[in-house]
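Subject: Structure handover

Hi,

Here is the structure I promised to pass on. Have a look first, and my notes follow below.

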Amino acid sequence: MADELVNVLTTSSVVESEIVRGRLESEGIPVLLKGEGLDAPYPTGPVDVFVPASFAGRARHLLDEGN
């Protein structure tokens with residue numbers, strides 16, 4: 001059975017979510033972004049950042065390091 005997805009962060013903008021996605025994916029963590037504005041011609045936030053549950057602790061740690 002596949003890992004359940006866990007929300008590790010909600011960003012205020014699409015740009016911020018893409019930066020977070022790049023950071024996590026560079027560490028081998030799969031990412032799914034969800035937000036109403038992602039598919040719009042002029043994307044706006046907020047955007048939720050989801051990762052598989054087995055990666056959630058590591059993802060949160062990496063995100064905390066960046067602050």
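Before the notes, one term: two strands count as paired if DSSP finds at least two bridges between them. And keep in mind that this is a predicted model.

With that term in hand, take N7, which stands opposite F50 in strand 3. Strand 1 and strand 3 pair in the antiparallel sense, and 6 bridges join them. The whole sheet is open and has 3 strands, in the order 1-3-2, with antiparallel pairing. Strand 1 and strand 2 each have a single partner strand and stand at the edges, so each has one side without a neighbour in the sheet. From one strand to the next, the twist averages 30 degrees.

Both helices sit on that sheet. Helix 1 touches strand 1, strand 2 and strand 3, and its direction makes about 15 degrees with that of strand 3. Helix 2 touches strand 1 and strand 3, and its direction makes about 15 degrees with that of strand 1.

Now for helix 1 itself, which covers residues 14–26. I did a quick check on its length: at 1.5 Å a residue, its 13 residues should span 18 Å, and its end C-alpha atoms are indeed 18 Å apart. Which of its residues are buried? They are V14, S17, V20 and L24. Looking down the helix axis, you'll find these buried residues within an arc of 120 degrees, so they line one face of the helix. What do they pack against? Their partners are strand 1 (5–11), strand 2 (32–34), strand 3 (47–52) and helix 2 (56–65). On the face turned away from the buried side, you get the exposed residues V15, I19 and S26. After the helix comes G28, with a positive phi near 85 degrees.

S17 in helix 1 deserves its own paragraph. Its relative accessibility is 0%, and buried means under 20%, so S17 counts as buried. Setting aside neighbours within four places in sequence, S17 is in contact with T11, L33, V47 and V49.

That last contact leads to the core. In soluble globular proteins, nonpolar side chains tend to be buried together. Here the largest nonpolar core has 15 residues, and those with the most contacts inside it are V8, L24, I29, V31, V49, V51 and A59. Strand 1, helix 1, strand 3 and helix 2 each supply at least two residues of this core. Helix 2 gives the most, with 4 residues. If you want one residue to centre your view on, try V49: leaving out residues up to four places away in sequence, V49 touches V6, N7, V8, L9, T11, S17, V20, L24, V31, L32 and L33.

Finally, a look at the loop between strand 2 and strand 3, where T44 is found. Is T44 buried, exposed or partly exposed? Its relative accessibility is 47%, and partly exposed runs between 20% and 50%, so T44 counts as partly exposed. Residues up to four places away in sequence aside, T44 touches V14 and G37. V14 is one of the buried residues of helix 1. As for V20, another of that buried set, its C-alpha atom is separated from that of T44 by 16 Å, with the two residues 24 apart along the chain.

Cheers

Key:
Residues numbered from 1 in each chain as written. Predicted model: local features only at pLDDT ≥ 70, side-chain atom pairs only at ≥ 80, totals over all residues. Heavy atoms only, no water. Expected span 1.5 Å × (residues − 1). Buried < 20%, exposed > 50% of the residue type's maximum accessible area, 1.4 Å probe, protein only. Arc of directions from axis to C-beta. Contact = heavy atoms within 4.5 Å. Core = buried A, V, L, I, M, F, W, Y, C linked by side-chain atoms within 4.5 Å. Axes fitted to C-alpha atoms, helices over the stretch in contact; angles between N-to-C directions.
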